[in-house]
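Colleague: Could you take me through one part of this structure slowly, as if I were new to all this? I'd like a close look at the surface around one of the DNA strands, and then whatever you can connect to it.

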Number of protein chains: 2
Amino acid sequence: MSRPSPTRPTLEQVARRAGVGRGTASRVINGGDRVSTRAREAVEAAIEELGYVPNSAARTLVTRRTDTVALVIAESEERIFGEPFFAGVVRGIGAALSDANLQMVLLLAQSGHRTNRLDSFLIAQHVDGVLLLSLHDDDTLPESIRARGLPVVLGGEPGGREGFGFVDVDNELGAELAVRHLVERGRRHIASIAGPSDMVAGRTRYAGYLAGLAAAGRTPDSRLQASGDFSQDSGERAMREILARCPEVDGVFCANDLMAAGALRALRESGRAVPADVSVVGFDDAPLALSTEPPLSTVHQSPEEMGREMVDLMLRTMALGDVPQPGRILPTRLVVRGSS
Amino acid sequence: MSRPSPTRPTLEQVARRAGVGRGTASRVINGGDRVSTRAREAVEAAIEELGYVPNSAARTLVTRRTDTVALVIAESEERIFGEPFFAGVVRGIGAALSDANLQMVLLLAQSGHRTNRLDSFLIAQHVDGVLLLSLHDDDTLPESIRARGLPVVLGGEPGGREGFGFVDVDNELGAELAVRHLVERGRRHIASIAGPSDMVAGRTRYAGYLAGLAAAGRTPDSRLQASGDFSQDSGERAMREILARCPEVDGVFCANDLMAAGALRALRESGRAVPADVSVVGFDDAPLALSTEPPLSTVHQSPEEMGREMVDLMLRTMALGDVPQPGRILPTRLVVRGSS
DNA sequence: AAGAAAAGTGGGAGCGTTCCCAAATAGTCC
DNA sequence: GGACTATTTGGGAACGCTCCCACTTTTCTT
């Protein structure tokens, strides 16, 4: 540890230079209430001249706050990071935290010794709150964090958990809108390429599909149902299955854009024209949706906004203490492009 | 701030309970040297019973170390996050830091007021070191961080900068291996689909392509050169260009797997069989490489390892002080699959 | 067995803040 | 103008830890 370390100025030095007491200098720095204009100006000048920056460790020691929020991502979700959606959420969180002058500690929870690490980390009171992304249904993390007295906000609906603040997009309504749109386009045989049923997004979007059909007085046809794992290949495969089982399919709702891209490929391969013969709608409004052929109609959601909302909810929770905050469902909307 | 806060035990309490002095207790916790077995066991028992965890703020205040490392990612690189490669690097960094009992603070440097934010953050001495990912050639961040007396490690070669520790994969050799392999396969007209020339990976992989040709005594043919932006579409487009300009092309080296996947598509579209008519080799060994048709031969690199190495280099730099550390180039190797 | 070296121990000092309270100053009212 | 009240102000007392030094105990030496 041979750091240059030009020994940063302390509050004491600032006070001396400004010709005031330590207490007054401290007051100027934190809100500056109850300080005469003269004193304030002197202190501010001294701060400027000395290039003073408060020592956060000392501050934390006495205030018991760290001005730091942890973002916990279950690493088992390998793919999570590579996905534009999560990347967007992280970006939104980062921006919002930065605006609130909070710093973000990223915890990639190793599935193995996760509990240990996380626990000791949280006990060490390194953070003032925890944002949880990509939670499994059976995970008890939220409970154990809250047991430590730390505010938690979940990204995504809490599967069955009670009383946790969370933010999610309106998957169900979005999917329903997509199906209604297909109905309005006059499509008679509307298929669903669903996501994994053990993921909230997979379940809720499928539920929205069913709701959309119901709203139009249709009954689901099992030949028109297939599912994938959100990958392009799986979408392509699912589309082929559906085409084989029910060649008269003329509309497809895919639970995400990547699978929709796969579906487009399978349709082209089968000689169908999109949207002339078959209409396709995706979900996510990923960048990809603009570069498919034809451009993909899709359900728009804003990952950045989701991140921002998570932080906002966190701030509110931290400010209000243990008052339970209601979850927030962000709106989704249909974006009609060339594929429908 | 109405946290339950069951007032965590302090070192003093641990010491009292163990019937020893504060100093002895502290010694047990930090390395435990120069302590009698009896005392050590008593302290350890007390720690266990009380569930003691050291207060890191207090520790930081006196040691001047935070046991925290910042990972700075230039946010302007929007796509960075969505890429599996970077996701892997981040994962490797996270794992290695966690192993070293360091925490990671993620800084998404907003292109706009980046300098301000970062500076004030670093001055506040929140971190012991900085890992820098996705650096632009003209960025002065490394210099300004080092001016603060903080160790820096760059992910990726430092474009022209002197004396910075960095870790990168051997892009050039990897590309050269790929080309040599195509030569060995008896390919006569080996094309290159390069990446953007303003990115290090783009430049160096192209250089490797040229080196590979040179090693085989070939001279580059301008009709066989095209470039893209690392996206699948751009790869498809580039391949079409090349096919149009030089139909006798029988080998293609692509600067990444995504573009290679695009190239495969264009080749199929043109009626070429892979690998019978044309051999294709990519770069990255991304998950995608396994699911193309045929599976893609590619240059393997390990993003996790790159992350780990960055941390290792950082640890060494922190330990040794200002001694400049040499950069590390990680090996790449060819993985031959069905496309060549 | 006496003396010396080594090993182990306790606790004061100090890290840089914020909090709080008593003291000092300024302002107000009749 | 005196008695009071409101506003500012300075600095002591933590916060919980590590560092260090003086002191005690043990272990070698010869």
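Modeller: Start with DNA strand C, which has 27 residues around it; A:Leu11, A:Asn55, A:Ala58, B:Gly21 and B:Gly23 are the closest. "Near" here says that a residue's C-beta atom, placed from the backbone, lies within 6 Å of the strand. Before going on, note that this is a predicted model: local features need pLDDT of at least 70, side-chain atom pairs count only at pLDDT 80 or more, and totals for chains, interfaces and linings use all residues. Residues are numbered from 1 along each chain as its sequence is written, while chains are lettered from A and ligands numbered from 1 in the order in which they are written.

Okay, back to strand C. Both chains take part: H1 (11-18), H2 and H4 of chain A, plus H2, H3 (37-50) and H4 of chain B, each supply at least two residues of this surface. Those labels are DSSP runs numbered from the N terminus, with helices being H or I of at least four residues and strands being E of at least two. The largest share, five residues, comes from H4(A). Sorted by class, the surface near strand C has 11 nonpolar, 10 polar and six charged residues. For that sorting, Ala, Val, Leu, Ile, Met, Phe, Trp, Tyr, Cys and Pro count as nonpolar, Asp, Glu, Lys and Arg as charged, and the others, Gly among them, as polar.

Now look at DNA strand D. Of the 27 residues around it, A:Gly21, A:Gly23, B:Thr10, B:Leu11 and B:Ala58 come nearest. Here H4(B) gives the largest share, five residues, and the classes are 11 nonpolar, 10 polar and six charged.

Next, chain B away from the DNA surfaces. B:Arg91 sits in helix H5 of chain B, and its C-alpha atom is separated by 39 Å from that of B:Ala15, 76 residues apart along the chain. B:Arg91 counts as buried because 20 other C-beta atoms lie within 10 Å. The cut-offs, with C-beta atoms placed from the backbone, are 20 or more other C-beta atoms within 10 Å of its own for buried, 12 or fewer for exposed, and partly exposed in between.

Finally, there's strand E2 (residues 103-109) of chain B: six of its seven residues are buried, so E2(B) is largely enclosed by the rest of the structure. Seven bridges join E2(B) to strand E1 (residues 68-74) of chain B, and the two run parallel. In that pairing (at least two DSSP bridges between two strands), B:Ile73 stands opposite B:Leu108.
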